[in-house]
Amino acid sequence: MNRPIGLQFSEPVIRFPCLVAGVLSVASLALLLKRLGFARAGVSAAFLLSGHPWHVRYAVELRGYTFTLLLGPLMIYCLIQAIDSGRWRWWAGFAASEFALLYAYPGCLYMVVIANFCGAGALLLRHSTWDARWQHLPRLLVASTVAGMIYLQLMLPCVPQLMNYFKTERALGEIGLRGEEAERLEPLVAIA
């Protein structure tokens, strides 16, 4: 039986969704800033972001960071729209963007938590009566709970693999020189 050699996939095809997300992230930032009343700043930010070296790097890299650049502003946009209109479609958009943001990169949990706290605060400040507040606060709670439930259902099977990864030396990262490298560079360190 012959084993195939070389890459068994097309790298441009795999990187294409990241490229699309990177391009759309420029539009999502401009859309968010326009919604906040800074249309000119949105155009300027989109122009600067499209040429920024880190954004260009992440826009073609095959990682979840690219999707966070798209989904972060989109999540805030949906939250603002949901608070203003109170419509379920915007709450569903907020929940979907929360889920997708966490699924793309779990390190964005702090963004989701802060967005929920800010959303709750905005709902409390926006509505003057307790009846209106209690009409809208459960929508935020339901949207975030559903997003969290779906996320946990999909990510919990990965926890054992993640725990095994954290036990490896590779998970620690490059902390310093070890072994042969340290011995080889020791005379250079002594001179310095």
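This short report walks through the salt bridges of a predicted model.

## Overview

Let's start with the count: the structure holds 4 salt bridges. The sections below look at some of the residues that take part.

## The R35–D84 pair

One of these contacts joins the side chains of R35 and D84, with 1.9 Å from N to O. R35 sits in helix α1, which covers residues 11-35, while D84 belongs to helix α4, residues 65-85, so this salt bridge ties together parts that are 49 residues apart in sequence.

How accessible are the two partners? R35 is partly exposed, and its relative accessible area is 28%. D84 is also partly exposed, at 34%.

## E61 and its two arginines

Now for E61, which takes part in a salt bridge with R57, where the closest N and O atoms are 3.3 Å apart. E61 also pairs with R63, and here the closest N and O atoms lie 3.2 Å apart.

Is E61 buried or exposed? With a relative accessible area of 15%, E61 is buried, because buried means under 20%. Its arginine partners are another matter: R57 is partly exposed at 41%, and R63 is partly exposed at 48%.

## A shared network

If you are tracing these contacts in the viewer, here is one more group to look for. R35, D84 and R126 are joined into one network by salt bridges that share partners. R35 and D84 are the pair described above, linking helix α1 with helix α4.

Terms used: Residues numbered from 1 in each chain as written. Predicted model: local features only at pLDDT ≥ 70, side-chain atom pairs only at ≥ 80, totals over all residues. Heavy atoms only, no water. Helix = DSSP H or I, 4+ residues; strand = E, 2+ residues; numbered from the N terminus. Buried < 20%, exposed > 50% of the residue type's maximum accessible area, 1.4 Å probe, protein only.
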